[in-house]
Amino acid sequence: MNLNEQQKAIVLTTGGRIAVVAGAGSGKTTTTMELISKLHTENGVPLEKMFISTFTNKAGRDLKAKLKKKLGIDNDKIEKLWIGTFHSLGFRYLTQIKKMKLNIILPVEASHYLKNIYRQVIKDEGEEESIVAFKDIADSIEKYRNKNCTWEQASPYPEVCRKVHTIYQKEKTEQDIVDFNDILHMFSEQLKIDPMFTTKFTWVFVDESQDNNAKQIEVANLLSNKNVVFVGDSKQCWEENELIPVKRGDTLISIPAIEVVIGDLVKTMRGHRVIDYTPVTEKKIFFDDLRYIITTQSEKTITVSQDHL
């Protein structure tokens with residue numbers, strides 16, 4: 001495998017907290033696979049001692065297939081590897097390790113439950129659906145559950161959201177069902193009281209880390225005792241001192257990324273290349289003791305501080 005110098009540095013790392021930040025097509029997945037392979041074949045790290053979170057289940061299946069081929073192992077051995085999304089790995093933990101029986105409803109079913117409850121609450125509150133839209137309520141509930149914020153921070157309609165969420169949780173309990181968000185929350189809460197499992201892994205890998213929500217990062221923190229590799233896209237995160245054009249009121253200013261606050265309007269591109277200023281709703285700063293190994297597709301070296309955003 002032909003690797004550049006920075007990719008080699010990642011593969012040859014002896015451990016610690018590492019962030020691999022680069023753009024699409026720069027070889028992040030290949031480099032991660034090479035590191036996993038080296039840890040197993042040369043350093044003797046058992047596959048069951050590695051926890052690998054991927055952004056989608058498809059990405060997890062693809063990486064598992066590639067590792068199986070590269071390592072030359074059979075299905076039984078590759079299945080010892082903990083690899084998949086946080087939700088799928090949480091489900092595996094809760095059902096296989098904690099022996100829970102879970103009746104999961106799919107997102108479309110969860111949305112159906114939530115919408116019926118929303119309509120009843122809106123009717124009871126005397127509100128108009130055209131004013132308090134279901135999507136806004138559903139998005140706010142998602143934000144509240146996964147971003148460790150208050151109802152007031154999550155929505156301009158905190159009371160409506162609180163009532164819809166309370167009834168939704170009560171109905172799920174009565175019907176003995178859980179949704180995908182419940183899996184993540186149950187996973188996190190169980191890990192907090194299960195030191196045997198949280199010390200099980202010697203290496204933790206988190207792919208597409210810039211897209212992780214607060215609850216997923218909490219799970220990663222609970223599992224990452226010593227060696228953790230965060231893999232992210234440099235086009236979807238900022239360096240702390242990078243100057244960012246920000247609108248505050250009618251004033252347009254450029255400030256270091258570290259000074260951007262919730263509510264600032266920053267230039268973004270969405271949909272069919274629509275460029276406008278949208279509000280910052282969340283700010284994430286990863287571990288302050290990370291070592292950063294960063295490259296770009298054009299082989300440019302980027303030097304950042306330990307407070308990389």
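**Figure 1. Helices α6 and α9 pack against each other in this predicted model.** Helix α6 covers residues 107–125, and helix α9 covers residues 158–175. Their axes lie 9 Å apart and form an angle of about 130 degrees. That angle makes α6 oblique to α9, because an angle counts as roughly antiparallel only when it is over 145 degrees. The crossing of α6 and α9 is right-handed. On the α6 side, the residues in contact are A110, Y113, L114, I117, Y118, V121, I122 and E125. On the α9 side, V160, K163, V164, I167, Y168, E171 and Q175 meet them. Sorted by class, the contact of α6 with α9 has eleven nonpolar residues, one polar residue and three charged residues.

**Figure 2. Helices α5 and α10 cross at roughly 60 degrees.** Helix α5 runs over residues 86–97. The axes of α5 and α10 come within 9 Å. The angle makes α5 oblique to α10. This crossing of α5 and α10 is left-handed. From α5, the contact uses F86, H87, L89, G90, F91, Y93 and L94. From α10, it uses F180, N181, I183, L184, M186, F187, Q190 and L191. What classes of residue meet where α5 touches α10? Eleven are nonpolar, four are polar and none is charged.

**Figure 3. Helices α10 and α12 cross at roughly 30 degrees.** Helix α10 spans residues 180–191, and helix α12 spans residues 214–223. Their axes come within 10 Å. Is α10 roughly parallel or oblique to α12? It is roughly parallel, because the cut-off for that label is under 35 degrees. The crossing of α10 and α12 is left-handed. Helix α10 brings L184, H185, F187, S188 and L191 to the contact. Helix α12 brings K215, Q216, E218, V219, L222 and L223. By class, the contact of α10 with α12 counts six nonpolar, three polar and two charged residues.

**Figure 4. L222 sits in helix α12.** Is L222 buried or partly exposed? Its relative accessibility is 25%, so L222 counts as partly exposed. The cut-off for buried is under 20%. Now look for its contacts. Setting aside neighbours within four places in sequence, L222 is in contact with S188, L191, K192 and T198. Two of these partners, S188 and L191, belong to the α10 side of the contact with α12. F197 is 25 residues away from L222 along the chain. The C-alpha atoms of L222 and F197 are separated by 9.8 Å.

**Figure 5. M50 lies in strand β2.** This strand covers residues 50–53. M50 is buried, because its relative accessible area is 0%. Which residues does M50 touch, not counting those up to four places away in sequence? They are I36, L39, H40, V45, L81, W82, F201, W203 and F205. K200 is 150 residues away from M50 along the chain. Even so, the C-alpha atoms of M50 and K200 are separated by 8.6 Å.

**Figure 6. N4 lies in the segment before α1.** Helix α1 covers residues 5–11. N4 has 17% relative accessibility, so it counts as buried. T31 is 27 residues away from N4 along the chain. The C-alpha atoms of N4 and T31 are separated by 9.9 Å.

**Figure 7. K99 and D176 each have a positive phi value.** K99 lies in the loop between α5 and α6. Its phi is near 60 degrees, and K99 is a residue other than glycine. K99 is exposed, because its relative accessible area is 65% and the cut-off for exposed is over 50%. D176 lies in the loop between α9 and α10. Phi of D176 is about 55 degrees, although D176 is not a glycine.

**Figure 8. The close-ups belong to a protein with twelve helices and ten strands.** Of its 309 residues, 45% are buried. Consider contacts in the protein with a separation of 6 or more. Residues 24 or more positions apart account for 62% of them. The accessible surface of the protein comes to about 16,700 Å². Carbon and sulfur atoms hold 51% of that surface.

Methods:
Residues are numbered from 1 along each chain as its sequence is written. This is a predicted model: local features need pLDDT of at least 70, side-chain atom pairs count only at pLDDT 80 or more; totals for chains, interfaces and linings use all residues. Side-chain values use heavy atoms; hydrogens and water are left out. Helices (H or I, at least four residues) and strands (E, at least two) are DSSP runs, numbered from the N terminus. Buried means under 20% relative accessible area, exposed over 50%, partly exposed in between (1.4 Å probe, protein chains only). Contact means heavy atoms within 4.5 Å. Accessible areas come from the Shrake-Rupley method with a 1.4 Å probe; for residues, only the protein chains shown count as cover. Axes are lines fitted to C-alpha atoms, for helices over the stretch in contact, and angles run from 0 to 180 degrees between N-to-C directions. Angles under 35 degrees count as roughly parallel, over 145 as roughly antiparallel, 65 to 115 as roughly perpendicular and the rest as oblique. A crossing is left-handed if the near helix is turned anticlockwise from the far one by less than a right angle, and right-handed if clockwise. Ala, Val, Leu, Ile, Met, Phe, Trp, Tyr, Cys and Pro count as nonpolar, Asp, Glu, Lys and Arg as charged, and the others, Gly among them, as polar.
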